[in-house]
Amino acid sequence: MPSLAATATPETTMIGALILAAVIATLCYAFGCWLWPFGACRKCHGSGKRRSPFGKAFGLCRRCGGDGRRLRIGRRIINGLRELHDKGTR
């Protein structure tokens, strides 16, 4: 009677590759959020100004406060985890 050797099936290999790709993408995004914590405001497109309906006058953007930048979602998560860690160690 021949012995059956354990071999990797194509589905198992494909799932493993997808999980590995997802982990690598997540780590790259986390590194990018650590390196560049701010992105352009989506409301004013990074200008910090909002135009009037007729386009002549402008004011400061309400969402970013005229700064033109916003804190990225990944950086908010990193900051929250850091605060949680700091509360636990004090």
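A residue counts as buried when its relative accessible area is under 20%. That definition is used in several of the views below, which are taken from a predicted model.

**View 1. Overview of the chain.**
The chain is made up of two helices and four strands. Read along the sequence, these elements follow the pattern α-β-β-β-β-α. Of the 90 residues in the chain, 14% are buried. The accessible surface comes to about 7900 Å², and carbon and sulfur atoms hold 65% of that surface. Among contacts between residues at least 6 apart in sequence, 51% join residues at least 24 apart.

**View 2. Arg-72, a buried charge without a salt bridge.**
Arg-72 sits in the loop between strand E4 (69-71) and H2. Arg-72 is buried but has no salt bridge. The nearest side chain of opposite charge belongs to Asp-67 and is 14 Å away. A salt bridge needs a side-chain nitrogen of Lys or Arg within 4 Å of a carboxyl oxygen of Asp or Glu. Which residues touch Arg-72, leaving aside its neighbours within four places in sequence? They are Tyr-29, Gly-32, Cys-33, Trp-36, Pro-37, Phe-38 and Gly-39.

**View 3. Arg-75, a buried charge in helix H2.**
Arg-75 lies in helix H2, which covers residues 73-89. Arg-75 is buried and has no salt bridge. For Arg-75, the nearest side chain of opposite charge is that of Glu-83, 9.9 Å away. Once neighbours within four places in sequence are set aside, Arg-75 is in contact with Cys-33, Trp-34, Pro-37 and Arg-82. Cys-33 is also among the contacts of Arg-72, as is Pro-37.

**View 4. The salt bridge between Arg-69 and Asp-67.**
How many salt bridges does a search of the whole structure find? The search finds one. Its partners are Arg-69 and Asp-67, whose closest N and O atoms are 3.3 Å apart. Are these two residues buried, partly exposed or exposed? Arg-69 has a relative accessible area of 44% and so is partly exposed. Asp-67 is also at 44% and therefore counts as partly exposed.

**View 5. A nonpolar surface patch.**
Tyr-29, Ile-73, Ile-77, Leu-81 and Leu-84 make a nonpolar surface patch of about 530 Å². Which element gives the largest share of this patch? The answer is H2, with four residues. One of the patch residues, Ile-77, is placed in helix H2. Ile-77 counts as exposed because its relative accessible area is 51%, and the cut-off for exposed is over 50%. Tyr-29, another member of the patch, is among the residues in contact with Arg-72.

**View 6. A positive surface patch.**
Arg-42, Lys-43, Arg-50, Arg-62, Arg-63 and Arg-76 form a positive surface patch. Arg-42 is found in the loop between strand E1 (38-40) and strand E2 (49-51). With a relative accessible area of 55%, Arg-42 is exposed.

**View 7. Ala-57 in the loop before strand E3.**
Where does Ala-57 lie? Ala-57 is in the loop between E2 and strand E3 (58-60). Ala-57 has a relative accessible area of 44%, so it is partly exposed. Leaving aside neighbours within four places in sequence, Ala-57 is in contact with Arg-50, Arg-51 and Ser-52. Among these, Arg-50 also belongs to the positive patch of the previous view.

Notes
Residues are numbered from 1 along each chain as its sequence is written. This is a predicted model: local features need pLDDT of at least 70, side-chain atom pairs count only at pLDDT 80 or more; totals for chains, interfaces and linings use all residues. Side-chain values use heavy atoms; hydrogens and water are left out. Buried means under 20% relative accessible area, exposed over 50%, partly exposed in between (1.4 Å probe, protein chains only). Contact means heavy atoms within 4.5 Å. Accessible areas come from the Shrake-Rupley method with a 1.4 Å probe; for residues, only the protein chains shown count as cover. Lys and Arg count as positive and Asp and Glu as negative; His and the chain ends are not counted. Patches are made of residues with over 30% relative accessible area and no salt bridge: like charges are joined within 9 Å, nonpolar side chains (Val, Leu, Ile, Met, Phe, Trp, Tyr) within 5 Å. The place of a charge is taken as NZ of Lys, CZ of Arg, CG of Asp or CD of Glu.
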